Amino acid sequence: MGGGGDMKWQKDAADQNFDYMFKLLIIGNSSVGKTSFLFRYADDSFTSAFVSTVGIDFKVKTVFRHDKRVKLQIWDTAGQERYRTITTAYYRGAMGFILMYDITNEESFNSVQDWVTQIKTYSWDNAQVILVGNKCDMEEERVVSAERGRQLAEQLGVEFYETSAKENINVKVKSF
């Protein structure tokens, strides 16, 4: 994380103008669209230029729920195996996880169970999890049906959404 990010964090940490703060992590295989999702949610922007996340980064967004200011600290994690030890260190304090796969990538869907195991191993028992099938705008390239996503979410006892960071479909954190 560059110096600018550190300055922003200090400014945000000093800004006590909120009622609650929640730490959320976006996890999943590399290139499922975690960073694009976060940029769409936090900044309402999208770029198709793919740059792999190195380690971990975050954005802050304040939302209003029931007349309360809720500050969301949303951490974007690297999907590659070599960063796993860095990213799992951040699981402990997270209140929720957005577990993402790519609907055009079977392997990313098959890895969901491994990510759930990571959550169970490194986070606390009450962490909320949302399963997200991203890139639902790419219908012609779809290999994972929405029904399979729903069934897996039901089996895991978690919420399920299909999203498109590109087309801004369902990019809202609804369940936390």
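Is F22 buried or partly exposed? In this predicted model, F22 has a relative accessibility of 27% and therefore counts as partly exposed. A good place to begin a tour of the structure is with this residue and the ring beside it. Y20 is also partly exposed, because its relative accessibility is 43%.

The structure contains 5 aromatic pairs. In one of them, the ring centres of Y20 and F22 lie 6.4 Å apart and the planes meet at 20°, so this pair is stacked. Another pair, Y101 with F109, is edge-to-face, with 4.9 Å from centre to centre and 70° between the planes. Both Y101 and F109 are buried. Aromatic residues also come together in a cluster, made up of Y91, F97 and Y122.

Attention now turns to empty space. Such space is revealed by rolling a probe the size of a water molecule over the atoms. The second largest pocket has a volume of about 220 Å³. Two elements each give two or more residues to the lining of this pocket, namely α5 (112-122) and β5 (128-134). Of these, α5 provides the largest share of the lining, with 3 residues.

In total, 13 residues line the second largest pocket, and those nearest its centre are I119, K120, A127, V129 and V158. Sorted by class, the lining of the second largest pocket comprises 7 nonpolar residues, together with 3 polar and 3 charged ones.

Definitions and conventions: Residues are numbered from 1 along each chain as its sequence is written. This is a predicted model: local features need pLDDT of at least 70, side-chain atom pairs count only at pLDDT 80 or more; totals for chains, interfaces and linings use all residues. Side-chain values use heavy atoms; hydrogens and water are left out. On a 1 Å grid over the protein atoms alone, a cavity is a set of points where a 1.4 Å probe fits but cannot get out, and a pocket is an open set with protein on both sides within 12 Å along at least five of seven lines; lining residues have an atom within 4 Å of a point. Grid points are joined across faces, edges and corners, and a volume is the space filled by probe spheres set on the points. Helices (H or I, at least four residues) and strands (E, at least two) are DSSP runs, numbered from the N terminus. Ala, Val, Leu, Ile, Met, Phe, Trp, Tyr, Cys and Pro count as nonpolar, Asp, Glu, Lys and Arg as charged, and the others, Gly among them, as polar. Rings of Phe, Tyr and Trp (its six-membered ring) pair if their centres lie within 6.5 Å; planes under 30 degrees apart count as stacked, over 60 as edge-to-face and the rest as tilted. Buried means under 20% relative accessible area, exposed over 50%, partly exposed in between (1.4 Å probe, protein chains only).
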